[in-house]
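Subject: Structure for you, with some notes

Hi there,

Here is the structure I promised to send over. Have a look at it first, and then read on for my notes.

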Amino acid sequence: MSRTLLFIKIMADQTYRLELKNITKSFPGVLAVQDVTLSAYPGEILALAGENGAGKSTLMNILSGAFTADTGMILLDGQEVKIPSPRRAQELGIAMIHQELALIPQMTVAQNIFLGREPLFAAGTLVNTKMMQAEAQSVLNQLGLDFSVTALISDLSIAQRQMVEIAKSISIKSRVIILDEPTSALSERESAKLFDLMRSLREQGVTLIYISHRMEEIFNLSDRVAVMRDGQLVGVAATKELNVNSVVQMMVGRELKEFFPKAETQRGEVALEVHNLRSGSHLKDATFTLYKGEIVGLAGLVGSGRTEIARVLFGADPNEGGEIRVAGKLVKIHSPQEAIRLGIGLVTEDRKAQGLFLGQSVRSNASVSLFERLSRFGFLLYEKIDQWVRGAIQQLNIRAANLEQRVGNLSGGNQQKVVIARWLAVNPQILILDEPTRGIDVSSKAEIHNLMGELAAKGMAILMISSELPEILGVSDRILVMREGRLMAEFSRADATQDRIMQAATGQLQNAGLNVHE
Amino acid sequence: MNNKFLLRFLGLVRANSGLVILFLVALPLSLLSADFLSGNNLLTVALQTSMIAIAAIGMTFALITGGVDLSVGSVAALTGVLAAGLATRNGLGTYPAIFISLFAAALIGALNGAMIAWGRIPPFVATLASMAAVRGLTLVYTQGKPISGLDEQFTFWATDAAGIPVPLFVLLFVAIITYIILHRSVFGSYIFAIGGGEETARLAGISPAKIKFGVYIISALAAGLTGLLLTARLWSAQPNSGTGLELDAIASSVLGGASLMGGAGSVTGAIIGTFIIGILANGLNLLEVPSYNQQVIKGLVFIVAVILDYVLKRRLKNNGS
């Protein structure tokens, strides 16, 4: 059925799939969702936009049974429903696909799809593996997915795992599927595949609610856009009546001049030279130079070896041959400790597992690298540490209630700023940032980009890995592109376009601009 | 809705759960038994409990890193028999004997630490192995017989000074030292860091191996001290002393707020936890509950405490605070 036809059909019978009426939810000290009324049609993709902390996730968690609303009503296909638990949501046909995927890595695709509702035989004592795999296969076929139902989740890419989650929600006959930032860990190509899948689900009449920060995707994909700010719904409109600026303006309540502030920087001396870097099966050959005062963007598909470069330079993974020179001196880096001593810092891609101590305070997270310097005879000088942390909170505009607040309770943007604060304490000469703004709201993003510009202006050499091409293009002075473990191309800011980077990343353009340093 | 007050109350209870449980255990006992609150009885409890509390503090260090030290009971026994043997059989004198035996304890801790930190053996397995091996060493050294004949210099450490049991002073001393190490030093903050996320700590430039190595030495030293005090208290070193000490130490730490997942725990918590168990055991004795039944009750209290901790934690977490 074509989209227009479908639209006409919806207009004709006017039935909502889902109606949220006057939903309010408060946490101690915060009114997270305030009197939100929002509806969705069958067979539509509704984008839900808003900064981190705007209340999107809370609203969707209420819909999927993780939280209960203080007041308000939820109607599903015209009938009022109560959703006290995720299990009830599942029974009602509401599935939420979280940023942190909920699959068991050691089990197969089929086992995960049927987890908790396996087809049984022998009087309900044994799992009917054959039937389970056959049914899983038919779901995968329906969705056009080509991996095996007996593959282990741990062998699949993040994108494929996401597809498994979607397959699971389809197999339980979900009427409403909520996707929370589904593309934040995906490359462009993988995202495109996901979007095709979402469109085909829309054709099948499923209601998709899509949370995202990425304007491009929202405008590409959605039928309508709902924008939240400070717990309230500030607007809902058909996507074709909106543009990026109007949505961003609704999100932040003001107009942002430039999406990605471009920093003017002066290139200085050589900070880092890398020759034929190799490690494991993902990083085969990388040679490049980094100068003081510049921001170099490292682009490429997920799995192309970008993160591996960062980890080898930081001593987190072994360097298997290949030369590293820091400020002209040949060095060997065996551990993160040695890297830090050489003036190299790394903001990791996985903020939660590698960047933060989620259960611990803002203070200890921001200052852990300072402990040795701000101590006397091995004892911490708390006043100095607190003083420094307060300064960093102010400088980076971190929104935390106090120094004791658990980092796990902060929004993504504020969490990332805490990680960056830790590196400011060390003041490295070379700072590597791996997906520094993934899953972060628009204004935090702009703040982080501004900060990167300031650091570069002070003479720091910055290597930024990103899967978001507009970010790469907007922030970098120079752009390197990886493909299948090798550095394929180098562009100056002036020469780079989205198309040329994608061509290099997918192998249609080879060795462009390489070895042409100035 | 109107459960904000309840939530705040639950939060307070959780933050001080050890003290709350201590109160909940002590209150009925003081009502049921007239002897419970007598000065003499409380001093007896303090004497017995302070010896265990030292080992519990050491265990808390291991638990905070996300590990565990099952060898503490065996290390306590070995330290005790070694000190007694060196002092009586070899005529080394009390203090050289104590010093050497504590050094031996530290060595075992270093071995545990090395296996865990650099050998990457899970703490449960590494210390389970050394629990068996060290108990064996103790039996070999003593040929299975107690070593007696300790002089007053040795037994002094389990007597009273100014009417207060000496082990209580030892505990106070150990508590101050370990409190400063755990809650005031760089080393201590790194212990919490690796318990909160080992990979994060490594990428922040901390060496988890060195920290763990130190932690198991501390745990073994604490266990050794407990062993010496037990020996002084009994006037002889028993090759089978300290059996089950690891369970008491783990239970005490957890009752005092240490997390089996790592990242949480405190010196004061470990002490409060040990006193909960000590007071409970004492009260049951006063009430003439048979010792077999006491074991069952002790186990149940431990389970209730852990469940309470998890339930409160989850409740608070779900409400986003």
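Below is what I found in it, part by part.

Please keep in mind that this is a predicted model.

**The six-stranded sheet in chain A**

A good place to begin is the open sheet of chain A, in which six strands follow the order S6-S9-S10-S3-S11-S12 with mixed pairing. Its edges are S6 (94-97) and S12 (232-238) of chain A; each has a single partner strand, so one side of each is left without a neighbour in the sheet. On average, and ignoring direction, neighbouring strands here are turned by 20° against each other.

At the S12 end, strand S11 (residues 224-229) of chain A pairs with S12(A) in the antiparallel sense, over six bridges. If you want a spot to zoom in on, A:Ala226 stands opposite A:Val236 in S12(A).

Two helices go with this sheet. Helix H6 (residues 158-171) of chain A lies across S6 and strand S9 (176-180) of chain A, and runs at about 175° to S6(A). Helix H7 (residues 188-203) of chain A packs on the sheet too, where it touches strand S3 (45-49), S9 and strand S10 (207-211) of chain A. The direction of H7 makes about 145° with that of S10(A).

**A hairpin and a salt bridge**

Next, take a look at strand S4 (71-76) of chain A. Strand S1 (residues 18-27) of chain A pairs with S4(A) in the antiparallel sense over five bridges, while three bridges join S4(A) to S5(A), again running antiparallel. A:Leu75 takes part in both pairings: A:Glu19 stands opposite A:Leu75, and in S5(A) the bridge partner of A:Leu75 is A:Glu80.

S4(A) and S5(A) form a hairpin with two residues between them, and A:Asp77 in the turn has a positive phi of about 50°. What does A:Asp77 form a salt bridge with? The partner is A:Arg175, with the closest N and O atoms 2.7 Å apart. A:Asp77 sits in the loop between S4 and S5 of chain A and A:Arg175 in the loop between H6 and S9 of chain A, so the pair ties together parts that are 98 residues apart in sequence. Over all chains, the structure holds 27 salt bridges.

**Two helix pairs**

In chain B, helix H3 (residues 39-64) and helix H8 (residues 166-184) pack at an angle of about 15°, their axes 8 Å apart. That angle makes H3(B) roughly parallel to H8(B), and their crossing is left-handed. Among the residues that meet here are B:Leu47, B:Ile54 and B:Phe61 in H3(B), and B:Leu171, B:Val174 and B:Ile181 in H8(B). The residues of this contact divide into 16 nonpolar, two polar and no charged.

In chain A, helix H15 (residues 412-426) and helix H16 (residues 442-457) pack at an angle of about 15°, with axes 10 Å apart. H15(A) is thus roughly parallel to H16(A), and passes H16(A) in a left-handed crossing. The residues that meet include A:Lys417, A:Ile420 and A:Leu424 in H15(A), and A:Glu447, A:Ile448 and A:Leu451 in H16(A). This contact divides into five nonpolar, three polar and two charged residues.

Happy browsing, and best wishes!

Key. Residues numbered from 1 in each chain as written. Chains lettered and ligands numbered in written order. Predicted model: local features only at pLDDT ≥ 70, side-chain atom pairs only at ≥ 80, totals over all residues. Heavy atoms only, no water. Pairing = 2+ DSSP bridges. Helix = DSSP H or I, 4+ residues; strand = E, 2+ residues; numbered from the N terminus. Axes fitted to C-alpha atoms, helices over the stretch in contact; angles between N-to-C directions. Contact = heavy atoms within 4.5 Å. Parallel < 35°, antiparallel > 145°, perpendicular 65-115°, else oblique. Left-handed = near helix turned anticlockwise from the far one by under 90°. Nonpolar A, V, L, I, M, F, W, Y, C, P; charged D, E, K, R; others polar. Salt bridge = Lys/Arg side-chain N within 4 Å of Asp/Glu carboxyl O.
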